[in-house]
Amino acid sequence: MNASAQTLSSHCTASEHASVLSVQDISLGYASSGRQAATTVLADFSLELQPGEIIALLGPSGVGKSSLLRVLAGLQAAQAGDIRIKGRPLNGPNPALGLVFQDPSLLPWLTLEENVAFGLDFHHQPHLDIATRKQRVHQAIHEVGLQSARTRYPDELSGGMAQRTSLARTLARAPEILLLDEPFSALDEVTRHEMQSLLLQITSQHQAAAVLVTHDIDEALLLADRILLIGGQPGRLIGHWSVTQPHPRDETTSDLTTLRVDILQTLRTARLPRS
């Protein structure tokens, strides 16, 4: 493992007590079935997420990134290991966690405002009185800049507006940790940049931590405080890097260019499977 990975590992151990999310040695796999051999998806994977921190998970398709996010969201149980939120075991979906997918998955028969409010009805969410509920929804819509579109239906929204609505739906639940599964990958370059800036703004304002799954090295460099590379064998950590440059960042600066080359070299030497 590279020198930056070794330095970071020591840092994580020292600051473990401050973690908002602690993941220790989790494993996930599927048993053999018919002609299909047993499959390992995650293997002894660990991470520590600090308050306000953004971690980017990089790696090609099929190495367990999305599976890891489902486990962290409490949607799928790991077969081994331990996950804790502020020291408390994770035993299923938790209101402290908000998951944002690549597909906005808006309900077509609901307005933008109604879609944002929909997440407050999840059974694991705490009950809110009517006034608090309205305030949460209006604040979330305001934060993503969609006040003028709140009565529109999903088929009246652009791709960027739909993704902003999906993010607002998660923000209305007031999570402490955002789990994002390639939320900007289907957007055009300009809209993607706007959404990246919005994510930084929101995590800063709310002091929310985030775990971002992405295939884009430049996106990871622009957004993340730490970058974890998963690959080699599925679900294994093969490299990690700290990004200390303050926001906003320019990926053409020498420090980020050096990091980018190091990440690419690690990818190549690890002989990762093709996407």
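Contact here means heavy atoms within 4.5 Å of each other. With that in hand, let's walk through the structure.

The model is predicted, so local features need pLDDT of at least 70, side-chain atom pairs count only at pLDDT 80 or more, and totals for chains, interfaces and linings use all residues. Residues are numbered from 1 along each chain as its sequence is written, and side-chain values use heavy atoms, with hydrogens and water left out.

**A valine in helix 4**

Val137 sits in helix 4 (residues 130-143). Helices (H or I, at least four residues) and strands (E, at least two) are DSSP runs, numbered from the N terminus. Val137 has a relative accessible area of 5%, which makes this residue buried; buried means under 20% relative accessible area, exposed over 50%, and partly exposed in between, using a 1.4 Å probe and protein chains only. Apart from residues up to four places away in sequence, Val137 touches Glu113, Val116, Ala117 and Leu120.

**The open sheet**

Next comes the sheet, where six strands are arranged in the order 6-7-8-3-9-10, forming an open sheet with mixed pairing. Strand 6 (97-100) and strand 10 (237-242) each have a single partner strand and stand at the edges, so one side of each lacks a neighbour in the sheet. From one strand to the next, the twist averages 15°. Two strands pair if DSSP finds at least two bridges between them; strand 6 and strand 7 pair in the parallel sense over four bridges. Val100 has Leu180 as its bridge partner in strand 7.

Two helices can be placed against these strands. Helix 5 (residues 159-171) lies across strand 6 and strand 7, at about 165° to strand 6. Helix 6 packs on the sheet and touches strand 3 (54-58), strand 7 and strand 8, with its direction at about 165° to that of strand 7. For these angles, axes are lines fitted to C-alpha atoms, for helices over the stretch in contact, and the angles run from 0 to 180 degrees between N-to-C directions.

**Two loop residues that touch**

Thr214 is in the loop between strand 8 (209-213) and helix 7 (217-223), and at 2% relative accessibility this threonine counts as buried. Setting aside neighbours within four places in sequence, the contacts of Thr214 include Lys65, Glu182 and Arg192.

Glu182 belongs to the loop between strand 7 (177-181) and helix 6 (189-206). Glu182 is buried but has no salt bridge, and the nearest side chain of opposite charge, Lys65, is 5.6 Å away. A salt bridge is a side-chain nitrogen of Lys or Arg within 4 Å of a carboxyl oxygen of Asp or Glu; Lys and Arg count as positive and Asp and Glu as negative, while His and the chain ends are not counted.

**Polar contacts and an exposed glutamine**

Gln79 lies in the loop between helix 2 (65-72) and strand 4 (80-85). Its relative accessible area is 56%, so Gln79 is exposed. The table lists polar contacts, meaning pairs of N or O atoms within 3.5 Å; within protein, one must be able to donate a hydrogen and the other to accept it, and residues adjacent in sequence count only if both atoms are side-chain atoms.

| Side chain | Partner | Distance |
|---|---|---|
| Thr214 | backbone nitrogen of Asp216 | 2.9 Å |
| Thr214 | side chain of Glu219 | 2.8 Å |
| Gln79 | backbone oxygen of Gly29 | 2.8 Å |
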